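Let's take a walk through this protein together, starting from the outside and then looking at how some of its helices meet. Please keep the 3D view open as you read.

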Amino acid sequence: MRQLPDNSALRVARRNLDGLPFYRLLRDWSWHDTVQSWAIQFSITLPDPVTESSIPQTTLWWLRASDSFPRGPIEILPDSVAGIRGTYPHQALNLDIDAPWRTGRICLSDRWTNDARYRDQLEPRDAESRLVWHVYRAHAWISAARDGSLQAEGEPFELPPMLETGALPKDYRRIAFAEGLDAGNWLAGLTSGRCELVPVNDSTLALTRFGDHRGRKIPSHQWGTLLSKRASVVSGIWLLLPGYPVVEPWSAPQTWGELRAAMRRFGLDLDAALKRLLPGLRNGRKTFVMLGCPIPERYGEPVRKLHWLAAALLPLSRAHVDGFRDGEIGWWHADRHGQFRNEAPIFWVETVDWHPDALRGRGSVAEYWRKARVGMLGAGALGSAFAELLIRGGVRHLTVYDSEALMGGNLVRHTGTMASVGANKSEGLAAHLNQASPHAQVTAFPVSIPFLEPEPLEALRQTDIVVDCTGDDDVIDQLAATDWGEPRERLLISVSMGFKAHRAFLFLSRGSAFDGETFHRLMSPWREREWQEIEAADLPRDALGCWHPLLPAAAHDVWSVAAALVQFLETQGVEESASRFIVLERRADGLGFDIAQDTKGQ
């Protein structure tokens with residue numbers, strides 16, 4: 001057995017715990033091969049017993065530390081015999097395993113102490129104080145758990161932990177959902193029905209196509225182009241609950257009996273719902289149950305979102321089962337005494353919230369852009385980067401126009417890949433962007449000037465924002481001359497970049513027509529300046545001959561121009577004015593841009 005030297009950092013750190021009045025060492029450091037860590041056993045005693053609490057005054061714990069201490073993780077877990085047995089908020093699922101400890105690691109990264117020395121202090125990394133910090137906060141966590149104050153009003157809501165062991169057909173391990181409380185127009189009056197899953201990739205499915213208990217379709221969230229066109233691979237049922245099913249203190253049901261009891265507390269009969277919904281799914285295939293649970297964003301606040309739980313089912317009975325009659329009634333009783341019996345485990349499947357609001361938490365473009373229908377002319381290097389930033393920022397509706405094919409040389413700074421070489425740029429970009437967001441609805445028209453054909457022109461007329469990324473004066477003139485149909489307010493934008501992407505040019509024209517005359521007047525002196533810089537340069541060439549010069553600009557230069565333009569439009573580019581011309585000039589150190597010209601309303 002491995003022995004710990006007396007002068008090791010772990011020995012020094014452990015001795016520093018002796019001064020804590022609530023702490024008592026029960027077993028010194030020992031090595032555990034199964035988890036490749038050192039561990040000590042200790043007790044924590046709270047000052048006063050609370051008779052109505054399930055947590056006794058003294059509880060036993062284990063602290064595990066890495067062999068590389070003071071580096072590495074530190075975990076505090078309940079003792080397998082005299083530790084807490086329930087699962088509490090801010091704790092991993094607390095299961096009994098073949099070890100001296102249980103699995104319920106407590107979360108100490110939050111504020112579980114009133115002592116100012118530890119409440120707001122970041123975890124120290126030195127050997128002398130790191131263990132003290134953890135044990136002190138463990139004491140505060142236990143006190144809060146005993147007092148029922150782990151869930152403080154105003155703190156973010158935490159989902160009860162569960163054991164996710166379920167698998168669906170082809171071993172899909174995860175279900176994405178986007179149905180939220182904003183779907184109240186169809187949830188009102190409906191508490192159950194049928195639903196389907198479509199594949200996202202080899203590991204993830206998306207919840208879609210809701211119906212009532214007879215399978216008749218009802219309006220639901222509209223996924224993006226990619227997922228909306230995919231065929232269902234598995235059918236299941238959905239139930240809407242009044243709240244989240246919890247096994248006290250704070251865990252998800254792990255057996256069907258526990259789920260029955262949790263639903264009875266809501267006044268719901270799980271068996272009655274299953275009997276009504278499962279007929280028609282006895283096809284020899286795996287199926288699933290989705291439970292919709294309204295939850296708040298923060299404790300003490302009204303419910304704001306709908307979280308979905310998913311339980312995978314084994315194929316339902318559909319043939320003769322010994323001891324049960326043939327037919328639906330007999331098959332139900334066979335399943336009720338089989339995979340739905342009280343002690344049977346629930347095979348929970350991981351679910352992930354892909355509602356637009358949830359994805360937007362990582363960052364997004366302004367609401368003005370997210371709600372707009374955007375048309376983009378030109379799917380070249382700048383256009384592809386610009387469009388990617390919009391879609392990843394939450395823009396859902398984008399129509400792209402470009403007649404050219406993607407060539408090998410374009411890959412240097414285009415967002416396309418070798419899979420798209422030779423294909424039309426707009427169609428390749430649309431396919432790529434529909435893969436970039438589950439909510440993207442990107443359409444392509446493989447035409448250069450869309451205003452000459454009825455269908456592309458009509459699609460452009462339906463947009464709220466038009467962005468020209470071609471850098472082509474002919475397109476500017478076409479924008480100015482276009483018959484936009486019924487007059488209405490829209491934002492018409494031209495974006496382009498200069499030689500070596502040292503400058504970005506942005507022109508905004510708000511109204512029912514593009515102000516081409518003002519654009520040409522303001523752009524003219526900059527066009528002359530750019531031409532002089534190009535004339536003085538020895539340009540690289542795409543092929544032999546005088547007709548194949550290339551304007552050099554690396555991918556990071558082009559994409560930084562796109563980012564700067566989006567950022568500018570985010571912060572100040574959609575204000576009310578007839579027109580606006582902005583020139584962004586790259587700083588001498590290459591890090592960022594300054595405004596070289598900003599002319600409004602001329």
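How much accessible surface does the protein chain have, and what share of that surface belongs to carbon and sulfur atoms? The accessible surface comes to about 28,500 Å², and 51% of it belongs to carbon and sulfur atoms. Please bear in mind that you are looking at a predicted model.

With the surface in mind, let's turn to the overall build. The C-alpha trace of the protein chain spans about 85 × 75 × 45 Å along its principal axes. The chain holds 16 helices and 19 strands. Of its 602 residues, 50% are buried. If you take the contacts with a separation of 6 or more, 64% of them join residues 24 or more positions apart.

Now find helix 11, residues 381-392, which will serve as our guide to two helix pairs. Two packed helices are described by the angle between their axes and the distance between the axes. For helix 11 and helix 16 (residues 555-571), the angle is about 50 degrees and the axes are 9 Å apart. That angle makes helix 11 oblique to helix 16. Their crossing is right-handed. On the helix 11 side, the contact is made by Ala381, Leu382, Ala385, Phe386 and Leu389. Helix 16 contributes Val558, Trp559, Val561, Ala562, Ala563, Leu565, Val566 and Leu569. By class, this contact of helix 11 with helix 16 has 13 nonpolar residues, with no polar and no charged ones. As you follow such a list of positions, it may help to recall that an α-helix has 3.6 residues a turn, so residues three or four places apart point the same way.

Stay with helix 16 for a moment and look at alanine 555, which is found in that helix. Is alanine 555 buried or exposed? With a relative accessible area of 17%, alanine 555 counts as buried, because the cut-off for buried is under 20%. Apart from residues up to four places away in sequence, alanine 555 touches Val412 and Arg413. Its C-alpha atom is separated by 9.4 Å from that of leucine 382, although the two are 173 residues apart along the chain. Leucine 382 is one of the helix 11 residues that make the contact with helix 16.

Helix 11 has another partner to visit: helix 12, residues 425-436. Here the axes come within 10 Å and cross at roughly 25 degrees. Helix 11 and helix 12 are therefore roughly parallel to each other, since angles under 35 degrees fall into that group. This crossing, too, is right-handed. Ser384, Ala387, Glu388, Ile391 and Arg392 of helix 11 meet Leu429, His432, Leu433 and Ala436 of helix 12. The residues of this contact divide into five nonpolar, two polar and two charged.

Within helix 12 you will find lysine 425. This lysine is buried, with a relative accessible area of 9%. What surrounds lysine 425, leaving aside its neighbours within four places in sequence? Lysine 425 is in contact with Ala379, Gly380, Asp402, Glu404, Ala405, Leu406 and Asn410. Glutamine 339, by contrast, lies 52 Å from lysine 425, C-alpha to C-alpha, with their positions 86 residues apart in sequence.

Glutamine 339 can also be used as a reference point for arginine 230: their C-alpha atoms are separated by 30 Å, and the two are 109 residues apart along the chain. Arginine 230 is found in the loop between helix 5 (225-228) and strand 8 (234-240). With a relative accessible area of 25%, arginine 230 is partly exposed. Beyond its neighbours within four places in sequence, arginine 230 is in contact with Val198, Pro199, Val200, Arg209 and Gln435.

Two more stops remain. In helix 8 (residues 328-336), Gly330, Trp332, Ala334 and Asp335 are buried, and the buried residues of this helix pack against helix 7 (270-277).

Finally, turn to helix 14 (residues 473-481) and helix 15 (residues 516-535), which pack at an angle of about 160 degrees with their axes 10 Å apart. Helix 14 and helix 15 are therefore roughly antiparallel to each other, and their crossing is right-handed. The contact is made by Asp473, Ile476, Asp477 and Ala480 of helix 14 together with Gly516, Phe519, His520 and Arg527 of helix 15. By class, this contact has three nonpolar, two polar and three charged residues.

Technical notes: Residues numbered from 1 in each chain as written. Predicted model: local features only at pLDDT ≥ 70, side-chain atom pairs only at ≥ 80, totals over all residues. Heavy atoms only, no water. Axes fitted to C-alpha atoms, helices over the stretch in contact; angles between N-to-C directions. Helix = DSSP H or I, 4+ residues; strand = E, 2+ residues; numbered from the N terminus. Parallel < 35°, antiparallel > 145°, perpendicular 65-115°, else oblique. Left-handed = near helix turned anticlockwise from the far one by under 90°. Contact = heavy atoms within 4.5 Å. Nonpolar A, V, L, I, M, F, W, Y, C, P; charged D, E, K, R; others polar. Buried < 20%, exposed > 50% of the residue type's maximum accessible area, 1.4 Å probe, protein only. Areas by Shrake-Rupley, 256 points an atom, 1.4 Å probe, with all protein chains shown as cover.
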